[in-house]
Amino acid sequence: YFENNSFPQLEKKDNIVLDVGIYDLKLFKSSNKVLWPILVSILDFQNESPFTIACLSKTKNLEKSMIF
């Protein structure tokens, strides 16, 4: 995405504020598999859609197994 778009507004900024969200999407009702997309948006670009930086797939609750 960023390879095809330039953001000259960011060149003069000292800080870039990111909004990161992690959402759980159960793939099937009959399965315990869950997809966890990690989405990011740049707060200075309110008209831009969030973009995916990673996707995790787990068979149990991700919150219990995540360590930061």
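Me: How much surface does the protein expose, and what share of it do carbon and sulfur atoms supply?

Reply: The protein exposes about 5,900 Å², and carbon and sulfur atoms supply 52% of that area. Keep in mind that this is a predicted model.

Me: How do you know how confident the predictor is in the protein?

Reply: You look at pLDDT, which runs from 0 to 100. The protein averages 79, and 76% of the residues score at least 70. Confidence peaks in strand S1, with a mean of 91, and it is lowest in helix H2 (residues 62-65), where the mean is 55.

Me: What makes up the secondary structure, and in what pattern along the sequence?

Reply: There are 2 helices and 4 strands. Going along the sequence, they follow the order α-β-β-β-β-α.

Me: What share of the residues count as buried?

Reply: The protein has 68 residues, and 19% of them count as buried. To earn that label, a residue needs a relative accessible area under 20%.

Me: OK, then why is Val34 called buried?

Reply: Val34 has a relative accessibility of 14%. The cut-off is under 20%, so Val34 at 14% counts as buried. You'll find Val34 in strand S3.

Me: Which residues does Val34 touch, leaving out those up to four places away in sequence?

Reply: Val34 touches Asp24, Leu25, Lys26, Leu56, Ser57 and Lys58. Take one of these, Leu56: it is 22 residues from Val34 in sequence, and the two C-alpha atoms are 8.3 Å apart in space.

Me: Why is Lys26 called exposed?

Reply: Exposed means over 50% relative accessible area. Lys26 comes in at 54%, so it counts as exposed. Its place is in strand S2 (residues 25-26).

Me: What does Lys26 touch, again skipping residues up to four places away?

Reply: Lys26 touches Ser31, Lys33 and Val34. With Ser31 there is something extra: a polar atom of the Lys26 side chain lies 3.3 Å from the backbone oxygen of Ser31. The limit for a polar contact is 3.5 Å, and 3.3 Å is within it. As for Trp36, which is 10 residues from Lys26 along the chain, the C-alpha atoms of the two are separated by 8.7 Å.

Me: Is Ser41 buried or exposed, and how do you know?

Reply: Buried. Ser41 has 15% relative accessibility, and because the label needs a value under 20%, Ser41 qualifies. Ser41 is found in strand S3 (residues 34-42). Beyond four places away in sequence, it touches Val17, Leu18, Asp19 and Pro50.

Me: Why is Phe45 called buried?

Reply: Phe45 has a relative accessible area of 11%. That is under 20%, so Phe45 is buried. Its place is in the loop between S3 and S4. Phe45 and Gln9 are 36 residues apart in sequence, with their C-alpha atoms 9.6 Å apart.

Me: How many salt bridges does a search of the whole structure find?

Reply: The search finds 1 salt bridge. It pairs Asp44 with Lys13. The pair links distant parts of the chain, 31 residues apart: Asp44 sits in the loop between S3 and strand S4 (51-58), while Lys13 sits in the loop between helix H1 (8-11) and S1.

Me: What makes Asp44 and Lys13 a salt bridge?

Reply: The closest N and O atoms of the two are 3.3 Å apart. The rule asks for a Lys or Arg side-chain nitrogen within 4 Å of a carboxyl oxygen of Asp or Glu, so the pair passes at 3.3 Å.

Me: Why is Asp44 called partly exposed?

Reply: Partly exposed is the range between the 20% and 50% cut-offs. Asp44 has 41%, so it lands in that range. Lys13, at 37%, counts as partly exposed too.

Me: Which residues make the nonpolar surface patch?

Reply: Ile16, Leu18, Val20 and Ile22 make a patch of about 350 Å².

Me: What makes Ile22 accessible enough for a patch?

Reply: Patch residues need over 30% relative accessible area. Ile22 has 38%, so it clears that bar, and it is called partly exposed. Ile22 has its place in strand S1 (residues 18-22).

Terms used
Residues numbered from 1 in each chain as written. Predicted model: local features only at pLDDT ≥ 70, side-chain atom pairs only at ≥ 80, totals over all residues. Heavy atoms only, no water. Patch = residues over 30% accessible without salt bridge, like charges linked within 9 Å, V, L, I, M, F, W, Y side chains within 5 Å. Areas by Shrake-Rupley, 256 points an atom, 1.4 Å probe, with all protein chains shown as cover. Buried < 20%, exposed > 50% of the residue type's maximum accessible area, 1.4 Å probe, protein only. Contact = heavy atoms within 4.5 Å. Polar contact = N/O pair within 3.5 Å; in protein donor to acceptor, adjacent residues only side chain to side chain.
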